[in-house]
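Let's walk through this one in questions and answers. Have the viewer open while you read.

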Amino acid sequence: MSTPIAFLKGHGTENDFVIIPDPENALDLSPAAVASLCDRRAGIGGDGVLHVVRSAAHPEARAMAGEAEWFMDYRNGDGSVAEMCGNGVRVFARYLQHAGHVAEGDLAIATRGGVKQVHLAKNGDVTVGMGRARLPEGDVNVAVGERTWPARNVNMGNPHAVAFVADLAHAGDLYSAPPVSPSTAYPDGVNVEFVVDRGPRHVAMRVHERGSGETRSCGTGACAVAVAAARRDGTDPAVTGTPATYTVDVPGGRLVITERPDGEIEMTGPAVIVAEGLIDADWRARTLG
């Protein structure tokens, strides 16, 4: 009989994750195993898996071990590997605090998108330094049905196409990935954000996350949206010399994104641990191998 695996469940603005603590990287989480864990009917259910590993124990993170003790080995809900997940980093940090590995204050977390600086505040919010956005050149368009919109190409360590629309309902059901052209713009797929204005420096969005479908929130997507909105609104901090802060409403809550004149972006929002337990040994043997 297989040994049970400990797990937790957490969310950041309802972008939810299965958390698998595995400090020494002893578990082989295959894409099929991750997809089974994230299955909302036959598994635990989640938009992705946060595999918690010490950086020194993971081949992709050993070079970052001197800066960050812990590595967020993030997987999308379909089992594919992702470079970064902004809401995931906040929940990952909350887990480390919950488990007693860190206290309130500052810490560093290694990700495939580099080392991220995190602050755990007393009020429960978590702020993540998301790095700088890259704005690849070239025109991009997003389509849903008969409608097509120009989109801003923003890379936050993972790719995003941001389209400003008149109504969030125009995004459709987002069960499948909206077509993006040219197809060569995103050879590994893309996260697509649809955005409407709510007020001065206040927007709302829906997102189709690559590998997960529509999610209740996307942290890197909210950052990409804020960057795109600042360029559209003429508030690019690199030009104005003043930080630009946008409130971004997502279906699962609210995030606050600040871009500084040096290009560094910070994201602040809640992160909650909701449950913990053991994965049944027999189910693990049958399903995860």
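**Pocket, core and odd backbone spots**

The largest pocket has a volume of about 170 Å³. A pocket here is an open set of points on a 1 Å grid over the protein atoms alone, with protein on both sides within 12 Å along at least five of seven lines. Points are joined across faces, edges and corners, and the volume is the space filled by probe spheres set on them. Bear in mind that this is a predicted model: local features need pLDDT of at least 70, side-chain atom pairs count only at pLDDT 80 or more, and totals for chains, interfaces and linings use all residues. Residues are numbered from 1 along each chain as its sequence is written, and side-chain values use heavy atoms, with hydrogens and water left out.

Q: Which elements give two or more residues to the lining of the largest pocket?
A: Lining residues have an atom within 4 Å of a pocket point. Here they are A35, C38, D39, R40, G46, D47, G77, S212, E214, T215 and R216. The elements that supply two or more of them (helices are DSSP runs of H or I with at least four residues, strands runs of E with at least two, numbered from the N terminus) are α1 and β14 (213–215).

Q: How many residues of that lining are charged?
A: Asp, Glu, Lys and Arg count as charged; Ala, Val, Leu, Ile, Met, Phe, Trp, Tyr, Cys and Pro as nonpolar; and the others, Gly among them, as polar. The lining has two nonpolar and four polar residues, and the charged ones number five.

Q: What do the buried residues of α1 pack against?
A: Buried means under 20% relative accessible area with a 1.4 Å probe, protein chains only. In α1 (residues 31–38) that covers A33, V34, S36, L37 and C38. Going by contact (heavy atoms within 4.5 Å), they pack against β2 (15–21), β3 (48–54), β4 (70–76), β18 (272–279) and α5 (281–288).

Q: Which helix gives the largest share of the largest nonpolar core?
A: A nonpolar core is a set of buried Ala, Val, Leu, Ile, Met, Phe, Trp, Tyr and Cys residues joined through side-chain atoms within 4.5 Å. The largest one has 50 residues, and M72, I109, M205 and I257 have the most contacts inside it. Its largest share is nine residues, and they come from helix α3 (residues 219–233).

Q: Which residue of β7 is the bridge partner of V118?
A: Strands pair if DSSP finds at least two bridges between them. β6 (residues 114–120) is joined to β5 (residues 105–111) by seven antiparallel bridges, and β6 also pairs antiparallel with β7 (residues 125–132) over three. In that second pairing, the partner of V118 is V128.

Q: Where is the cis peptide bond?
A: Most peptide bonds are trans. Here, P182 sits in the loop between β11 (180–181) and β12 (191–199). With omega at about 0°, the cis bond joins S181 and P182.

Q: What is the relative accessible area of R201, a residue with positive phi?
A: Most residues other than glycine have a negative phi. R201, in the loop between β12 and β13 (202–209), has a positive phi of about 50°. R201 is partly exposed (partly exposed lies between the buried limit of 20% and the exposed limit of 50%), and its relative accessible area is 36%.

Key: 1 Å grid on protein atoms, 1.4 Å probe; cavity = no way out; pocket = protein on both sides within 12 Å on 5 of 7 lines; lining within 4 Å.
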